[in-house]
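Open the model in your viewer and keep the sequence panel in reach. Each stop on this tour tells you what to select and what you will find there.

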Amino acid sequence: MRLVLALIAILICSTSKGQGVTRPSKQDLKKIDNLFKDFDKTDSPGYAIGISRGTETLYSRGYGCANLDYPIPISTNSSFDIASVSKQFTSACIALLIMEGKLNLETPVEDYVPELAKYADTIRIKHLVYNTSGIIDYPRLPRPDGHSWITFNYFDIDYCIRVSLSRDTLAFKPGAMWDYCNVNFMLLTKVVEQVSGQSFRDFSQKQLFGPLGMNNTFINDDVTEVIKNRVTPYNKRTKEYVEAYRSMGINVRAEGKWIQHLRTSPHYGGSGVVTTIDDLLKWSENFVTKKFGGQEFYDLMHKTLKFDHDRDNQAFGLYFDKFKGRTSVSWDGGDFGISSQLIRFPEKGIAIVVLSNLGSGEAYKKAFEVADLLIDIGEL
C-alpha cells in the first residue's frame with residue numbers, strides 16, 4: 001500500500017509539473033518588478049504588464065502613473081491605446097467574415113471599395129491582410145492641407161485613405177513586395193462595414209470583443225469620447241523630442257520633464273483599439289482554449305501565405321518569429337506617447353503583454369526581458 005501511495009504521489013507531482021500549475025515565487029516576481037523599478041513612482045509615466053499561462057494569470061501589475069496631472073496610478077484595468085497591436089483585431093473581424101462565407105482571401109477589394117478599380121492590377125483581401133498591396137501608406141505622402149501627420153493635427157481614417165489613393169499607380173504589383181502599410185488595415189475596416197452593414201466599431205463590439213468578454217475594449221473612432229480609466233500618453237521633454245515637435249509645427253517649451261500627447265486623430269484599423277491588460281489576457285487565453293471561433297478561427301488567425309517576395313512569417317495581424325529557439329507570435333505597436341507589445345509562445349501557452357504610456361517605452365524590449373526571466377525560472 002505504501003508503494004502504491006508513493007507511486008500515486010509521484011504521478012500527481014509529475015502531472016502537475018507537466019500541466020504547469022506551479023507559480024513564480026515571490027523572488028521571481030521581484031525580478032520582474034525590478035525591470036520596471038525606474039517607473040514605479042508617482043511622478044513618471046509607466047507600464048502595465050500581464051503574464052498568463054494557459055487560462056491562468058501568473059502576474060499582472062501596473063507601474064507609474066496613468067495621469068501626471070493628479071496623479072492616478074496605472075493598474076491592469078487602465079485603458080491604453082495599443083497602436084499597431086490593433087491590427088490583429090482588424091484582421092480577426094475579416095477572419096469572422098471569411099468563416100461566415102461572406103468573404104475569402106481572393107475577393108477583390110474593389111467589390112467593396114470602388115476607388116481601387118482604377119488600378120491596373122487587382123488588389124485582393126489577402127494583399128491588404130498581408131501588407132503586400134502596393135498602396136503607398138499615407139505618412140509617406142504630403143498632406144493636402146500642408147500640415148504634418150503628427151496626431152495633434154486632426155485627421156481621420158477617410159482622410160488617410162483619400163491621400164493614399166490619390167496616386168493613380170501602385171508602388172508595386174500586388175504580391176510582389178512586402179511593405180508595412182496602415183492604410184491596408186484602414187481599407188479592411190471599410191470592407192467589414194460594407195459586408196456587415198454595421199460600423200466597424202459596432203461589428204467588432206458585437207461579433208468579437210463582446211463574445212470574448214473583453215468588456216473594456218473598443219474602437220476609439222471618436223476623439224471626444226470620455227473613456228473610463230484612460231491613460232494619458234507622454235514623451236520625454238528632451239532636446240531631441242522638443243526639436244522633433246517644433247519641426248512638425250508644434251510650439252513646445254524646452255522646460256519641464258514630460259510632454260503630454262493627447263490623441264486627437266481618430267484613425268483606426270491599423271491602430272485605434274483601446275483596451276486593458278485584463279482584456280488582452282482574455283484574448284490570449286482564447287488562443288489556448290479556442291472557445292471562441294474554435295479551431296477554424298485559430299487557424300485563420302495564424303495562417304501564413306507565400307507571395308512573390310521572401311517574407312512569409314506574417315499571419316492575420318501577427319508575426320511568427322523565434323526567441324531563443326522558442327516559436328513566438330506577436331505584433332508590437334508604437335505612436336506618439338505610447339508603446340505596446342503582445343507576444344505569445346504557443347508551444348507553452350505563455351502570453352506576455354506590456355503596455356506603456358511613454359513613447360520611448362519600448363514595450364517590445366520589456367516583453368523580451370520578461371521572457372528571459374521566464375526562461376531562467378523554467379516557465380518558458
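Before the first selection, one term: two strands count as paired if DSSP finds at least two bridges between them. Please also keep in mind that this is a predicted model.

**Stop 1: a hairpin at the sheet edge**

Select residues 319-323, which make up strand β10, and then residues 326-335, which are β11. These two strands pair in the antiparallel sense over five bridges. Show the side chain of phenylalanine 320, and you will find valine 329 of β11 standing opposite. Now go to the turn of this hairpin, where two residues lie between the strands. Lysine 324 takes a positive phi there, near 50°.

Stay on β11 and pick serine 328, which is found in this strand. Is serine 328 buried or exposed? With a relative accessible area of 3%, serine 328 is buried. Select what surrounds serine 328, leaving aside neighbours within four places in sequence: the contacts are Tyr319, Phe320, Asp321, Lys322, Ile343, Arg344 and Phe345.

**Stop 2: on to the next hairpin**

Add residues 338-345, strand β12, to your selection. Seven bridges join β12 to β11, and the two run antiparallel. For a pair to look at, colour tryptophan 331 and leucine 342 of β12, which stand opposite each other. This hairpin has two residues between its strands as well, and glycine 337 in the turn shows a positive phi of about 85°.

If you follow the side chains along a strand, a general pattern helps: in a regular strand they alternate between the two faces of the sheet.

**Stop 3: the whole sheet**

Now display every strand of this sheet. In what order do the six strands lie? Reading across, the order is β2-β1-β13-β12-β11-β10, in an open sheet with antiparallel pairing. The edges are β2 (56-63) and β10, each of which pairs on one side only. Neighbouring strands are turned against each other by 20° on average, direction ignored.

Further into that order, select β1 (residues 47-53) and β13 (residues 350-356), which run antiparallel and are joined by seven bridges. Isoleucine 51 has isoleucine 352 in β13 as its bridge partner.

Next, switch on helix α2, residues 26-34. Helix α2 lies across β1 and β2, and runs at about 40° to β2.

**Stop 4: two helices that cross**

Hide the sheet and show α5 (157-164) and α6 (182-196). Their axes are 10 Å apart, and the helices pack at an angle of about 120°. Angles from 65 to 115 degrees would count as roughly perpendicular and those over 145 as roughly antiparallel, so α5 and α6 are oblique to each other. Their crossing is left-handed.

To see where the two helices meet, select Ile157, Asp158, Cys160, Ile161 and Ser164 in α5, then Val183, Met186, Leu187, Thr189 and Lys190 in α6.

Click on aspartate 158 in α5 once more. At 37% relative accessibility, aspartate 158 is partly exposed. Try a distance to histidine 267: the C-alpha atoms are 8.5 Å apart, although 109 residues separate the two in sequence.

**Stop 5: charged pairs**

Side chains of opposite charge can pair when their charged atoms come close. The model holds 19 salt bridges, and a few of them make good places to zoom in.

- Select arginine 140 and aspartate 179, whose closest N and O atoms are 2.8 Å apart. Arginine 140 sits in the loop between α4 and α5 and aspartate 179 in the loop between α5 and α6, so this salt bridge ties together parts 39 residues apart in sequence. Arginine 140 is partly exposed at 49%, whereas aspartate 179 is buried at 19%.
- Select glutamate 106 and lysine 126, with closest N and O atoms 2.9 Å apart. Glutamate 106 is in the loop between α3 (87-99) and α4 (125-129), while lysine 126 belongs to helix α4, 20 residues apart. Glutamate 106 is partly exposed, at 40%, and lysine 126 is buried, at 17%.
- Select arginine 253 and glutamate 255, where the closest N and O atoms are 3.5 Å apart. Both of these residues are exposed.

For the last view, show Asp33, Asp40 and Arg61 together: salt bridges with shared partners join them into one network.

Note on methods. Residues numbered from 1 in each chain as written. Predicted model: local features only at pLDDT ≥ 70, side-chain atom pairs only at ≥ 80, totals over all residues. Heavy atoms only, no water. Helix = DSSP H or I, 4+ residues; strand = E, 2+ residues; numbered from the N terminus. Axes fitted to C-alpha atoms, helices over the stretch in contact; angles between N-to-C directions. Contact = heavy atoms within 4.5 Å. Salt bridge = Lys/Arg side-chain N within 4 Å of Asp/Glu carboxyl O. Buried < 20%, exposed > 50% of the residue type's maximum accessible area, 1.4 Å probe, protein only. Parallel < 35°, antiparallel > 145°, perpendicular 65-115°, else oblique. Left-handed = near helix turned anticlockwise from the far one by under 90°.
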